[in-house]
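Reader: I have a sequence and a model open on the bench computer. Can you walk me through the fold?

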Amino acid sequence: MEFFCYHRDRPGSLALREELVEEHWSYMDRYAKELIARGPTFADDGETPTGSVHIVDLPDPAAARAFAFDEPNYQAGAYRDVLLRRWRNVLGRTMWDFPGGRTGGNRYLVLGLGVVPAADLALPLEGDELVAYGPLLSDDGDTWLGTAVLLRAPDPQTARAVLTADLYADIEVHDWEFGGRR
């Protein structure tokens, strides 16, 4: 089962995150084979971390909750909240298979927080600019709750346009970059 996990930073937690960076990476290294995508999000200045995205393939919701809440930054209080949802890997690949590579261009996390009915279930554009794409689902996988996208785009407005605006309660766009040691 695939899960989307977004840890949002607590304001003022940058020093704590910096102190725990090796513990965080070591923790994530334990899940290297299960990770589909990972990486930090940033404020508009492009420098200040605002959160951490992990898309991971785990056996069940209990394992996903353990993954999210045993994470060292979470345990130390660096995060203000966690968005954890089942997810479906529409592209069928990891971020390391992204044809655009790890660097070059602007990268974004786009979160469409849903209202019924389900929206944007089909790919909105050719996969060459999409790093990861899929619906956010309830724990049982039956109810659509939104859409999560990692992509390369020229600017935040273009990234936001990947989702159909009037079909969501809210759409968030965050600067994002590839994370990890790989």
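Author: What follows is a short set of questions and answers on this predicted model.

Reader: Which elements, in order from the N terminus, make up the protein chain?

Author: The protein chain has 5 helices and 8 strands. From the N terminus on, the order is β-α-α-β-β-α-α-β-β-β-β-α-β.

Reader: What radius of gyration does the protein chain have?

Author: For 182 residues the globule rule gives 16 Å, and the chain comes close to that, so it is as compact as a globular protein of that length. The radius of gyration is 15 Å.

Reader: In what order do the strands of the closed barrel run?

Author: Strands of a sheet pair either parallel or antiparallel. In this barrel the pairing is antiparallel, and the twist from one strand to the next averages 30°. Strand β2 (residues 35-42), for one, is joined to β3 by 7 bridges. The 8 strands run β1-β3-β2-β8-β5-β7-β6-β4.

Reader: Which residue in β3 is the bridge partner of Pro40?

Author: β2 and β3 run antiparallel. The bridge partner of Pro40 in β3 is Ser52.

Reader: Why do the buried residues of α3 lie on the same side, and over what arc?

Author: The buried residues of helix α3 (residues 61-69) are Pro61, Ala64, Phe67 and Ala68. They sit on the same side of α3 because the arc they cover around the axis is only 115°.

Reader: Which elements are included in what covers those buried residues of α3?

Author: Two helices are among them, α2 (21-29) and α4 (72-76). Helix α2 also lies across β2, β3 and β4. The strands included in the cover are β1 (2-9), β3 (49-57) and β4 (79-87).

How values were computed. Residues are numbered from 1 along each chain as its sequence is written. This is a predicted model: local features need pLDDT of at least 70, side-chain atom pairs count only at pLDDT 80 or more; totals for chains, interfaces and linings use all residues. Side-chain values use heavy atoms; hydrogens and water are left out. Buried means under 20% relative accessible area, exposed over 50%, partly exposed in between (1.4 Å probe, protein chains only). Helices (H or I, at least four residues) and strands (E, at least two) are DSSP runs, numbered from the N terminus. The arc is that of the directions from the helix axis to the C-beta atoms. Contact means heavy atoms within 4.5 Å. Two strands pair if DSSP finds at least two bridges between them. Axes are lines fitted to C-alpha atoms, for helices over the stretch in contact, and angles run from 0 to 180 degrees between N-to-C directions. The radius of gyration is taken over C-alpha atoms; the globule rule is 2.2 Å times the number of residues to the power 0.38.
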